[in-house]
Amino acid sequence: MTPEEAYSIRLISDVKLNEIGLLHVETWIENEKYKSAIYLNKQRITFGGNESSPSYYDGFLYYVKGSRREAKLIRQRPYGEPEEILSLGKIHKYLFHKNGILIIGEEKVKPSTYFVSDKLKYRFDGKGLFWTRQSLFLYNKELRKIVSGNFDITDIATNGNRVIISATRENDDYGLADIYEVDINTGELTRITQGEGNATAIAMNKDGKIAYLGHRKGKTPWAVREIIFPEEGKSFLCGNTCGSNVLSDLFDGVRERIVYEDDQVITLGQVGGESQIYSVSDKVIKLTEGKMAVRGFDFKEGKLAYFYSTPEKPVILSYNGEIYDPNPNVKGFSPIEVKGDIEGWTIITNPSNPTILFIHGGPHMAYGYAYFIEFQFFASNGYNVIYANPSGSQGYGEEFAKACVGDWGGRDMKELLNFVNEVKKRFNLTDKFGVTGGSYGGYMTNWIVTQTDIFSAAISERSISNLVSMCGTSDIGFWFNAIEAGIEDPWSKDGIEKLMRMSPIYYVKNVKTPTMLIHGEIDYRCPIEQAEQFFIALKMNNVPTELVRYQGDSHEHARRGKPKNMIDRLKRKLEWFDKYLKT
């Protein structure tokens, strides 16, 4: 498999049920660009190559037509010509209300020659500097801004009359969100949620009852999420956490959502490496089964449509007892589950082949039963692929997810190394081992090569090397690093000392493993200075190393980076591992 072949797949998102059938969006890469189109009942109906977010309302098909600088809301009658209704810099979501169309969007702005901030949070990965924020608009012949400020509207729900939003108004610096009722005539907000927590998706039924996916546990990145009915004082857990933290490197850009119809909420829930669909009413019922990761769904009038990924298949769409596979000729390698102290998986191509350990990011995410382009690429090129969910991973309960807090590189590293030894013995693996990971997985890759020489090569992506400097340079580092390190003040003497002793750069003199560092040039989550520090230190200590900087790419460079860069990345990773693991 070549890198080009690895990315020659079609993906599904934006599934919508309505009176004319099933709408969905397919995304693919063509001529080094992302392309998308809308399908109705599995037949393509738009052909511009950049359409998404379809809806059908009052006899019209609505959708968003986007480019890098502008997003247009389009409506079209069957067999009619497309009509542009409005344009904004970005359109994140739109819904229909008796008074018009409600839109979460960003205005078009032209960046100035300077930027001034008086807040801790003034930039964000994938957005850059906050020249504009996500606001609530109402369109009825003309566009009117309803709610805006130096915070983001993150979701919206309506029954056509009542309107609620989730927004980071109270605690934007820390990215926490509350639920508010909106008076669309005045823009006045009435806060519904109590305490401090987060809301990642909201929904409303026809009677105006509301529910949201989230938690009320404050600044706790490891918190499990529930379906919460804030006006009824009820909450429910789906599996080990509601929603899904199962990772993939698919470029579908899926977003979390819940659906509230009649007396039930439809949501995803996760147990270990599986994410399934659940129904929540007075009890929780699991609606789907199988070794898979459901990535999106819609539910309407008792009918359910959803799309899921498996280790062998990038995406399958299921509706009305039928399945649709946009990649019928793709069949990936099947992993073998390995259960010990932690849950893990192996793809064994040959016991005499070299083996690569992959480490996930987060740290409160998880590997599981989703297709990984990179896993399939390396397996097809003569490598065994192994991966696992150490302490800190989500999907095994809150205590397990919290277990790495204050102990990055401790218990989690021991579990991963024990997993490597267990797999080595069980499958009689005789060749060299390499290690790679991104984000927190990049931190662990950097950390591991300072603590052991058992790996013959390493590739660290969008990584962390210095937790102290990251506190001042990352979009979330000023709070995330402190909380994850278990300290109150990252700028106190004790705080700085603990952060430094948890930082790979502190032990860089120990490194002997050839290590490549890959980073997006405009990564605001783990800024490129993290890779720069480690790279210079390795070079000055005569450790074989390379620093690869991808122009124009953010923290998502391996999932939704520039297609040309993603293809080059796989090529360079293969060359590095071939050089040090196959010779």
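## Close-up views

**View 1. Lys-234 and its salt-bridge partner.** Lys-234 has a relative accessibility of 34%, so it counts as partly exposed, falling between the 20% and 50% cut-offs. Before going further: the model shown here is a predicted one. The partner of Lys-234 is Glu-232, and the closest N and O atoms of this salt bridge are 3.3 Å apart. Glu-232 is partly exposed as well, at 37% relative accessibility. As for the basic idea, side chains of opposite charge can pair when their charged atoms come close. Across the structure there are 42 salt bridges.

**View 2. Glu-374 with Arg-569, a salt bridge between two helices.** Here the closest N and O atoms sit 2.7 Å apart. Glu-374 belongs to helix α2 (residues 373–380) and Arg-569 to helix α11 (residues 563–581), so this pair ties together parts that are 195 residues apart in sequence. Is the pair Glu-374 and Arg-569 buried or exposed? Both residues are buried.

**View 3. The surroundings of Arg-569.** Staying with this arginine in helix α11, we find a relative accessibility of 2%; Arg-569 counts as buried because that value is under 20%. Which residues is Arg-569 in contact with, once neighbours within four places in sequence are left aside? The list runs Tyr-7, Glu-374, Glu-461, Ile-518, Tyr-550, His-557 and Ala-558. Glu-461 also makes a polar contact, side chain to side chain, with Arg-569 at 2.6 Å. Glu-374, meanwhile, is the salt-bridge partner from the previous view.

**View 4. Glu-556 and Arg-559, plus a salt-bridge network elsewhere in the sequence numbering.** The side chains of Glu-556 and Arg-559 meet in a salt bridge, with 2.8 Å from N to O. Glu-556 has a relative accessible area of 28%, so it is partly exposed. Arg-559 comes in at 21% and is partly exposed too. In an inset, Lys-119, Lys-121, Arg-133, Asp-152 and Asp-172 are joined into one network by salt bridges that share partners.

**View 5. The one cavity of 30 Å³ or more.** Its volume is about 30 Å³. Which residues line the largest cavity? They are Pro-311, Phe-333, Pro-335, Ile-347, Ala-370, Phe-372, Phe-375, Gln-376 and Tyr-387. Sorted by class, that lining has eight nonpolar residues, one polar and no charged.

**View 6. The second largest pocket.** This pocket holds about 270 Å³ of space. Of the 14 residues in its lining, Tyr-57, Tyr-62, Arg-75, Gly-100 and Ile-101 lie nearest the centre. The elements giving two or more residues to the lining are the strands β6 (60–66), β8 (83–88), β9 (90–97), β10 (100–106) and β13 (135–140). How many of the lining residues fall in each class? There are seven nonpolar, three polar and four charged ones.

**View 7. A cis peptide bond leading into Pro-363.** The bond from Gly-362 to Pro-363 has omega near 5°. Pro-363 sits in the loop between β34 (355–359) and α2.

**View 8. Asp-58 and Arg-462, each with a positive phi.** Asp-58, in the loop between β5 (51–57) and β6, has phi near 55°, and this residue is not a glycine. Its relative accessibility is 59%, so Asp-58 counts as exposed. Arg-462 isn't a glycine either, yet its phi is about 35°. The loop that holds Arg-462 runs between β37 (457–461) and α6 (467–473). Why does Arg-462 count as buried? Its relative accessible area is 9%, and buried means under 20%.

**View 9. Glu-188 in a loop between two strands.** The strands on either side are β17 (176–182) and β18 (189–191). Glu-188 is exposed because its relative accessibility of 52% is over 50%. Leaving out residues up to four places away in sequence, Glu-188 touches Glu-181, Val-182 and Asp-183. Ile-146 lies 42 residues from Glu-188 along the chain, and the C-alpha atoms of these two residues are separated by 8.7 Å.

Methods:
Residues numbered from 1 in each chain as written. Predicted model: local features only at pLDDT ≥ 70, side-chain atom pairs only at ≥ 80, totals over all residues. Heavy atoms only, no water. 1 Å grid on protein atoms, 1.4 Å probe; cavity = no way out; pocket = protein on both sides within 12 Å on 5 of 7 lines; lining within 4 Å. Points joined across faces, edges and corners; volume = space filled by probe spheres on them. Nonpolar A, V, L, I, M, F, W, Y, C, P; charged D, E, K, R; others polar. Salt bridge = Lys/Arg side-chain N within 4 Å of Asp/Glu carboxyl O. Buried < 20%, exposed > 50% of the residue type's maximum accessible area, 1.4 Å probe, protein only. Helix = DSSP H or I, 4+ residues; strand = E, 2+ residues; numbered from the N terminus. Polar contact = N/O pair within 3.5 Å; in protein donor to acceptor, adjacent residues only side chain to side chain. Contact = heavy atoms within 4.5 Å.
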